[in-house]
Amino acid sequence: MSITHQKAQEIFDNHPTRFTRKEKAALRSTLRSELKKMGYTDDEITEINASGINLLVGNPHAEYMFTAHYDTPGRTGWMLKTSSLLGQTGANIFLIAIICLLGFIIPFAGLQIFPDASDFELFASGELAMILILVVMIISMVVKNRNNRNDNTSGVLSLLALAEKVAADAEIKNKCCFVFFDNEEWGLLGSAGFAKHCKKNGINLDNTKVINFDCVGYGDVLTFASTKKTDIIDTLAKAFEEKGEKTVTKRSAMIFLSDHANFKNSVMVSFTKKSLTGLLYLPLIHTSNDTVCDVEQINRLTDDIFAFAKEGKI
């Protein structure tokens, strides 16, 4: 069982953005409908309001938790404009460096133009420039991006594909659950709220194998990222390598950051591209050019992960 091109296109067309409460609610309604067609009951589909509305499917005590965020970002892609040259890490460093440099360059230029300016006026000019850049960054966050096929409609489609496979297999169904997270784009708020909800309600996720899908619809380098040393990233990479796939693993608390960061034994699955300098980056995210989502790539990926989970390889 796989996600069909027709079903993917319906979601592309009907839910291009999930930025407002109304848009998010509309997608959750569609997801609920699709999940019920697969055989999941209303009792198995729960909306958890914790720093956003997170959709839980199945038993959270399960061995495997497959996750993806369903909210979509603002138009902040300009901040990562250099990623195709410098990679994801380099683009972030470049942006920070530009902001800091402006704080020094503008006062220096002001001194040349206005030699009688006071130290306070020169300092204030640099600070003002940095503040204006930060204001532009904030404004960009609240202007919704109109195309979001890779980030993260691809993750949503991945969970639907896996949920359908799991629903049809009684042997593994009780071992798996799924969570569609809200508000990842605002600082991983949905997954953080969900983790707190679970702790408050006596659900121990320390040993749960959390596999988070984020930006898996475009790119050619299968990449696994974690924020800490975990077993799941090693076993998942090994399973794919034994199958003959080339993989890259990353451990970072700043770059390739997604909802996996809020769980102990977790990994982010992405497809990335190599920049001109050879460093990896997530292509086209947070821009209106995010119009590519390879459905067949998603189906191959989820087929493999489902098989690995069933065979106990991960």
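In which helix does N299 lie? In this predicted model, in which residues are numbered from 1 along each chain as its sequence is written, local features require pLDDT of at least 70, side-chain atom pairs count only at pLDDT 80 or more, and totals for chains, interfaces and linings use all residues. Side-chain values use heavy atoms, with hydrogens and water left out.

N299 is located in helix 9 (residues 295-311), where helices (H or I, at least four residues) and strands (E, at least two) are DSSP runs numbered from the N terminus. The relative accessible area of N299 is 4%, so the residue is classed as buried; buried denotes under 20% relative accessible area, exposed over 50%, and partly exposed the range in between (1.4 Å probe, protein chains only). Beyond its neighbours within four places in sequence, N299 contacts S2, I3 and A161, a contact being defined by heavy atoms within 4.5 Å. The N299 side chain reaches the backbone nitrogen of I3 at 2.9 Å. Between N299 and G219, which are 80 residues apart along the chain, the C-alpha separation is 15 Å.

A further buried residue, H260, has a relative accessible area of 0% and belongs to the loop between strand 7 (247-251) and strand 8 (266-274). With neighbours within four places in sequence set aside, the contacts of H260 are N212, A225, S226, T227, S266, V267 and M268.

The largest nonpolar core (buried Ala, Val, Leu, Ile, Met, Phe, Trp, Tyr and Cys residues joined through side-chain atoms within 4.5 Å) comprises 51 residues, of which L35, F66, F178, F180, F213 and I314 have the most contacts inside it. Helix 5 supplies the largest share of this core, eight residues. Another core, of 15 residues, lies apart from it and includes A50, L56, A195 and C198. In soluble globular proteins, nonpolar side chains tend to be buried together. Outside four places in sequence, F213 is in contact with F66, T67, A68, N152, G155, S158, L159, L162, V269, L301 and I305.

At the surface, I131, V135, I139, M141, V142, V143, W186 and L189 form a nonpolar patch of about 650 Å². Such patches consist of residues with over 30% relative accessible area and no salt bridge, like charges being joined within 9 Å and nonpolar side chains (Val, Leu, Ile, Met, Phe, Trp, Tyr) within 5 Å; a salt bridge places a side-chain nitrogen of Lys or Arg within 4 Å of a carboxyl oxygen of Asp or Glu. Accessible areas derive from the Shrake-Rupley method with a 1.4 Å probe, and for residues only the protein chains shown count as cover. Helix 4 (residues 119-141) contributes the largest share of the patch, four residues. V143 is found in the loop between helix 4 and helix 5 (149-167) and, because its relative accessibility is 41%, counts as partly exposed.

Terms used:
Polar contact = N/O pair within 3.5 Å; in protein donor to acceptor, adjacent residues only side chain to side chain.
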